[in-house]
Amino acid sequence: MNAPLIFPRKAADAPIRFSPSVERLDPDEAATIKGLIATMRYVNERTFADARHAIRSVHAKTQGILEGYLEVDAGLPIELAQGLFAKPGRYPVVMRFSTVPGDILDDSVSTPRGLAVKIIGVEGERLSGSEGDVTQDFVLVNGPAFGAPTPKKFLPVITLLSKTTNRVQRLKKLLSAVMRQVQRAIVSVTGQPNTTVATLGGQPETHILGETFYNQAPVRFGDFIAKISVSPISSELAALKGAALNVNGIPNGIREAVVAFFKQSGGVWEVRAQLCTDLNLMPIENAATVWPEQLSPYRRIGRIEVTRQNSWSEARSSVVDDGMQFSPWHGLAAHRPLGGIMRARKEVYAAAKRFRAARNGRVIEEPRQKPDLGD
């Protein structure tokens, strides 16, 4: 066996201070972003033609919608008391659990899971495009790094996947079964799953509520730079970590499991930040790099708590799926998204929002207070 990598601690491991110079734009970035917008538009058009209703081009299937509160911890050290987390506070939140594809598939096509968190009532200097709003969004996936390092590397991957939109589900189910076997072999050898294999249907069939979610690409964290994670810590949720969930023959099995859980119990998640301490080992422009936790662990900055509730209904779906957008560019200037993947998301998400609003005849806007989810 290979010896584990050891990252010695040293005085220089203080958090890297944010500077605009940490970003390096690719000369072809504008053209790449146009390609990404066109690809996502293709997915939107295909799914709209099928259902006559516009859905998201990624993370289209909602597996649960929750309302609760974020409590920012008191007494945080200065390097963590930054931006939204600079002082204790309590904010309403909306949480949306999802699965990755841009078309609505049976859950036996096993793909990565997502969690989008919208925090409401956040005051402060805003990011460009969100002036006047009072929300802070974190868009997360159940893996610590993105599936491609840069927008240019991501474009051919998403272009290939887009061609499978609305193809026969039976073939996708067969591929997913094969990819799960491939993933098991990869994990047995490397100790960790492969992101690309997961995207092709190789996500292990486990309970979505046991997952830890990561924003995958860095954000400004006030004076510093960080990645954000949300991890279940209440005993009922923590017990679901790695728990098998057989959804074969149950098209909406993940959603049904989430509904069943929150009818019986509330839940608590810990919000954590991983500070960048080394720009070589924790790069800004390579979103596919897992930042070593040996160098800088994820540290608690707050907690999200929800009570028992109905986690999915047509009314909730109408309010959140059709009336809201989740974007890392909704937020404070103190949490500006960083790196090529994050820069691309700004324009790609905005274009997708315009498509959904126009096709569905809906206004998509940011809430200014705890929303009425129609219950």
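Here is a chat about helix packing, a pocket and the cavities of this predicted model.

Q: What kind of model is it, and what cut-offs apply?
A: It's predicted: local features need pLDDT of at least 70, side-chain atom pairs count only at pLDDT 80 or more, and totals for chains, interfaces and linings use all residues. Residues are numbered from 1 along each chain as its sequence is written, and side-chain values use heavy atoms, with hydrogens and water left out.

Q: OK, helices. At what angle do α1 and α2 pack?
A: About 20 degrees, with the axes of α1 (residues 29-51) and α2 (residues 151-162) 10 Å apart. Axes here are lines fitted to C-alpha atoms, for helices over the stretch in contact, and angles run from 0 to 180 degrees between N-to-C directions. Helices are DSSP runs (H or I, at least four residues), as are strands (E, at least two), numbered from the N terminus.

Q: So how are α1 and α2 oriented to each other?
A: Roughly parallel, the label for angles under 35 degrees (over 145 is roughly antiparallel, 65 to 115 roughly perpendicular, the rest oblique).

Q: Is that crossing left-handed or right-handed?
A: The α1 and α2 crossing is left-handed, meaning the near helix is turned anticlockwise from the far one by less than a right angle; clockwise would be right-handed.

Q: Which residues meet there?
A: From α1, T32, G35, L36, T39, M40, Y42 and V43; from α2, P151, K152, F154, L155, I158, T159 and S162. Contact means heavy atoms within 4.5 Å. The residues of this α1 and α2 contact divide into eight nonpolar, five polar and one charged. Nonpolar covers Ala, Val, Leu, Ile, Met, Phe, Trp, Tyr, Cys and Pro, charged covers Asp, Glu, Lys and Arg, and polar is the others, Gly among them.

Q: And how do α1 and α8 cross?
A: At roughly 35 degrees, with axes that come within 9 Å. The α1 and α8 crossing is right-handed. Residues in the contact include I33, L36 and M40 of α1 and A344, V348 and F355 of α8. By class, the α1 and α8 contact has 10 nonpolar, two polar and six charged residues.

Q: Switching topic: how many cavities are there?
A: Six of 30 Å³ or more. On a 1 Å grid over the protein atoms alone, a cavity is a set of points where a 1.4 Å probe fits but cannot get out, while a pocket is an open set with protein on both sides within 12 Å along at least five of seven lines; lining residues have an atom within 4 Å of a point.

Q: What about the largest cavity?
A: About 280 Å³ of space lies in the largest cavity. A volume is the space filled by probe spheres set on the grid points, which are joined across faces, edges and corners. There are 19 lining residues, with R56, V58, H59, F326 and Y349 closest to the centre of the largest cavity. α8 (340-360) gives the most to that lining, with five residues.

Q: And the second largest pocket, what's its volume?
A: About 300 Å³. Its lining has 17 residues, with I55, A60, W312, S317 and D321 nearest the centre. The largest share of that lining, five residues, comes from α7. By class, the second largest pocket is lined by five nonpolar, four polar and eight charged residues.
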